[in-house]
Amino acid sequence: MRQSGLRILALATDAFGGHGGIAQYNRDIFSALAGCDGVHEVIILPRIGMTSPDALPRGVQQLCPVRGRIGYSLAALQAARKYKPVDVVFCGHLFMAPLAAAIARLAHARLWLQAHGIEAWHEVSWLHRRSLETATLITSVSRHTRRHLLEWARIDPARVKVLPNTVDARYRPGPKPDRLLKRHAVGNKKVLLTVSRLSSSERYKGHDRVIRALPKLLPEHADILYLVVGVGDDRSRLETLAAECGVTKQVCFVGYVSPDELPDYFRLADVFVMSSTGEGFGIVFLEALATGIHVIAGNQDGSRDPLCDGALGTLVDPENGDDLALAIRAALAEAIPPDDRSARFSLDRFAGQVGELQKLFHPRRLGQATEREGLVPL
């Protein structure tokens, strides 16, 4: 006889053993679900990632990743049959919505769909839209993404909730690490930091905007150092841009940094800056806030949410280079607020929000939105 509680089949791009913000978000939400009294089991089928990740939370099972579209679809069907009855199909990305909706129908399960960012900002194909509209629940990482989705999706706004990212407890204030001070010859230099992929398809991150702002800062901060953490095919273009702007000595392309060492890079910095125009949320902003440094972000995308509309950091027009330079100059001159600016995004709070959401799938009517922006009540 099956134990009580929901069995959730999660179709995800990656999760445990994966890298990047979406993988981290998936790990957080699946761990939180497994810890809910109303959930019996979470079974994850990833597209990419490790075949045998490290220890999984109790109640979580991760199947072997399947990359190909056809192979993944067949594996999802097999998982739905093997682990039936399935109560909820969790779809971790909008592009997988048709498959997830089909699996949910075949399994007589309800659909929970996750929207992260730019993929949900513009109307999708008829099939994807119809699949999304069958969802019992849609969670969005930010108000910005929720608003864009509701512009084209014919769905009751009460079924679209905001579930923001959370931040790892490893990110906390601390002294600038000696080994990194020596590695990058920091000395007394003021350090700017961006952590992001350097992808030609993600130039909206705004590395080039920061590089172009540096010459405007040199008269007052000749000792400034801009650390760029991340890898990707756009690095050579950015290196060329730094040379054209005459700031080659001020820009250091760090490359890949392991997750264990990344918190220390945030502590090394004085200001985290990423003037993006395409963020769904931006977990790196939370990591910067949690380590106690100044944060600068763009005001045209989901970056507004981690900075709480400017209450926790500085929002600028990402297309205005003068505004960006002024914001960096001001941040370098200001003291860091003593309070923990990331507390509202703690893992405990996130787990509480997930606990409220999973109740919607128990035998009861879907609750009505209790806050204007669809935020999960606690």
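Strands β1 (residues 6-12) and β2 (residues 39-46) pair in the parallel sense over seven bridges; helices (H or I, at least four residues) and strands (E, at least two) are DSSP runs, numbered from the N terminus, and two strands pair if DSSP finds at least two bridges between them. Within this pairing, I8 stands opposite V42 of β2. The connection from β1 to β2 passes through helix α1 (residues 21-34), and this β-α-β crossover is right-handed. A crossover is called right-handed if, with the strands pointing away from the viewer, the path from the first strand over the helix to the second runs clockwise. The model is a predicted one, in which local features need pLDDT of at least 70 and side-chain atom pairs count only at pLDDT 80 or more, whereas totals for chains, interfaces and linings use all residues. Residues are numbered from 1 along each chain as its sequence is written, and side-chain values use heavy atoms, with hydrogens and water left out.

Strand β1 also runs parallel to strand β4 (residues 88-91), to which four bridges join it; here L11 stands opposite C91. Seven of the seven residues of β1 are buried, so this strand is largely enclosed by the rest of the structure. Buried means under 20% relative accessible area, exposed means over 50%, and partly exposed lies in between (1.4 Å probe, protein chains only). Both faces of β1 are covered, with L6, I8, A10 and A12 on one side and R7, L9 and L11 on the other.

Strand β8 (191-195) can be read in a similar manner. Five of the five residues of β8 are buried, so β8 is largely enclosed by the rest of the structure. V191, L193 and V195 point one way, while L192 and T194 point the other way. β8 pairs in the parallel sense with strand β9 (residues 225-229) over five bridges, and V195 stands opposite V229 of β9. Together, β8, α7 and β9 make a right-handed β-α-β unit. β8 also pairs in the parallel sense with β11, over two bridges, where V271 is the bridge partner of L192.

The helix of that unit, α7 (207-217), has eight of its 11 residues buried, so α7 is largely enclosed by the rest of the structure. The buried residues are H207, D208, R209, V210, I211, A213, L214 and L217. What covers them includes β8, β9, α8 (235-244), β10 (251-255), β11 and α11. One of these buried residues, D208, counts as buried at 12% relative accessibility. Leaving aside residues up to four places away in sequence, D208 touches R203, R237, L238 and L241, a contact being heavy atoms within 4.5 Å.

Helix α11 (residues 321-333) has 13 residues and reaches 19 Å from its first C-alpha to its last, close to the 18 Å expected at 1.5 Å a residue; the expected span is 1.5 Å times one less than the number of residues. At the N-terminal end of α11, N320 acts as a cap, with a side-chain oxygen 3.1 Å from the backbone nitrogen of D322. L324, A325, A327, I328, R329, A331 and L332 are buried in α11. The buried residues of α11 pack against β8, α7, β11 (271-274), β12 (294-298) and β13 (314-316).

In soluble globular proteins, nonpolar side chains tend to be buried together. A nonpolar core is a set of buried Ala, Val, Leu, Ile, Met, Phe, Trp, Tyr and Cys residues joined through side-chain atoms within 4.5 Å. The largest such core here has 61 residues, of which I29, F30, L33, I44, W112, F266 and F272 touch the most other members. Not counting residues up to four places away in sequence, F272 touches L193, T194, V195, F266, V284, F285, A288, I293, H294, V295 and I296. Apart from the largest core lies another, of 36 residues, among them A80, L94, I103 and A104.

Some backbone details remain. Most residues other than glycine have a negative phi, and most peptide bonds are trans. The peptide bond from K84 to P85 is cis, with omega near 0°, and P85 lies in the loop between α2 (69-82) and β4. H108, although not a glycine, has a positive phi of about 55°. H108 is found in the loop between α3 (97-106) and β5 (110-115) and is exposed, with a relative accessible area of 75%. C308, also not a glycine, has a positive phi of about 50° and is placed in the loop between β12 and β13.

How values were computed. Polar contact = N/O pair within 3.5 Å; in protein donor to acceptor, adjacent residues only side chain to side chain.
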